[in-house]
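I opened this notebook to record what I looked up in one structure. The entries run from the whole chain to single residues.

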Amino acid sequence: MATVRNILIDQNADFSEQFIAKEDTGTVINLTGKTVSAKLRKSFGSSTSTTFACTTVSAADGTYTIALTDVQTAYGTLERGRYVYDVITTLDAAPNTIQRIQQGVATVNPSVTRSDS
């Protein structure tokens with residue numbers, strides 16, 4: 001089962017947060033040989049999504065980051081409100097096992113200071 005962690009994303013700003021992948025028991029998940037990926041959607045059934053850039057910081061320690069650029073969080077691109085997201089790992093070798101390691105609600109905070117075009 002995935003760890004549940006809610007996140008806050010500021011509109012019109014870069015977003016980056018580091019996490020540690022853990023099992024339900026609290027045991028760190030070794031990310032060696034795994035690819036980390038994550039998406040953000042307005043709802044579970046939404047057909048459109050925003051893809052986070054994911055970077056493994058230390059595979060053995062299970063640390064990774066998810067990030068969005070200011071262009072991805074721009075007013076008009078990512079509207080304020082509540083979204084859902086999750087993070088999965090995919091084993092890079094057969095049998096390509098997929099594991100959801102994190103999920104939660106992402107709240108996008110609106111921006112006042114922005115380019116008005």
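**Entry 1. Terms and overall build**

Before placing any residue, I note that strands are DSSP runs of at least two residues, labelled E and numbered from the N terminus. The model I consulted is predicted. I looked up the secondary structure and found zero helices and eight strands. Read along the sequence, the pattern is β-β-β-β-β-β-β-β.

I then turned to dimensions. The C-alpha trace spans about 50 × 30 × 25 Å along its principal axes. The radius of gyration is 15 Å, which agrees with the value near 13 Å that a compact globule of 117 residues would have.

Of the 117 residues, 31% are buried. Among contacts with a separation of 6 or more, 63% join residues 24 or more positions apart. The accessible surface comes to about 6900 Å², and carbon and sulfur atoms hold 51% of that surface. I also looked up the charges: there are 10 positive and 11 negative side chains, and the centres of the two sets lie 7 Å apart.

**Entry 2. The loop between E7 and E8**

I looked for Pro95 and found it in the loop between E7 and strand E8 (98-109). The peptide bond leading from Ala94 to Pro95 is cis, with omega near 15°. Asn96 is placed in the loop between E7 and E8 as well. Although Asn96 is not a glycine, its phi is positive, at about 50°. I record Asn96 as partly exposed because its relative accessible area is 45%, and that class begins at 20% and ends at 50%.

**Entry 3. Asn12 and Thr73**

I next looked up Asn12, which sits in the loop between strand E2 (7-10) and E3. Asn12 is a residue other than glycine with a positive phi, near 65°. Its relative accessible area is 25%, so Asn12 is partly exposed.

Asn12 also appears in the contact list of Thr73, and I therefore read the two residues together. Thr73 lies in the loop between strand E6 (63-68) and strand E7 (81-91). Is Thr73 buried or exposed? Thr73 is buried, since its relative accessible area is 0%. Leaving aside neighbours within four places in sequence, Thr73 is in contact with Ile9, Asp10, Gln11, Asn12, Ala13, Leu68 and Leu78. A polar atom of the Thr73 side chain lies 2.8 Å from the backbone oxygen of Ala13.

**Entry 4. Thr50**

I found Thr50 in strand E5, which covers residues 50-58. With a relative accessible area of 18%, Thr50 falls under the 20% cut-off and so counts as buried. Beyond its neighbours within four places in sequence, Thr50 is in contact with Ala38, Lys39, Leu40, Leu68, Gln72 and Leu78. I note that Leu68 and Leu78 are also among the contacts of Thr73.

**Entry 5. Glu17**

Glu17 is found in strand E3. I record Glu17 as partly exposed because its relative accessibility is 22%. Which residues does Glu17 contact, leaving aside neighbours within four places in sequence? They are Arg5, Ile7, Tyr64, Thr65 and Ile66. For Arg5, I looked further and found a polar contact of 2.8 Å between its side chain and that of Glu17. For Ile66, I looked up the separation: Glu17 and Ile66 are 49 residues apart in sequence, and their C-alpha atoms are 5.7 Å apart in space.

**Entry 6. Thr27**

My last residue was Thr27, in the loop between strand E3 (15-20) and strand E4 (34-41). At 46% relative accessibility, Thr27 is in the partly exposed class. Not counting residues up to four places away in sequence, Thr27 touches Ala21 and Lys22. Its side chain makes a polar contact of 3.0 Å with the side chain of Thr25. I also looked up one pair distant in sequence: Thr27 and Gly62 are 35 residues apart along the chain and 9.7 Å apart in space, C-alpha to C-alpha.

Definitions and conventions:
Residues numbered from 1 in each chain as written. Predicted model: local features only at pLDDT ≥ 70, side-chain atom pairs only at ≥ 80, totals over all residues. Heavy atoms only, no water. Helix = DSSP H or I, 4+ residues; strand = E, 2+ residues; numbered from the N terminus. Buried < 20%, exposed > 50% of the residue type's maximum accessible area, 1.4 Å probe, protein only. Contact = heavy atoms within 4.5 Å. Polar contact = N/O pair within 3.5 Å; in protein donor to acceptor, adjacent residues only side chain to side chain. Rg over C-alpha atoms; globule rule 2.2 N^0.38 Å. Areas by Shrake-Rupley, 256 points an atom, 1.4 Å probe, with all protein chains shown as cover. Lys, Arg positive; Asp, Glu negative; His and termini not counted. Charge placed at Lys NZ, Arg CZ, Asp CG, Glu CD.
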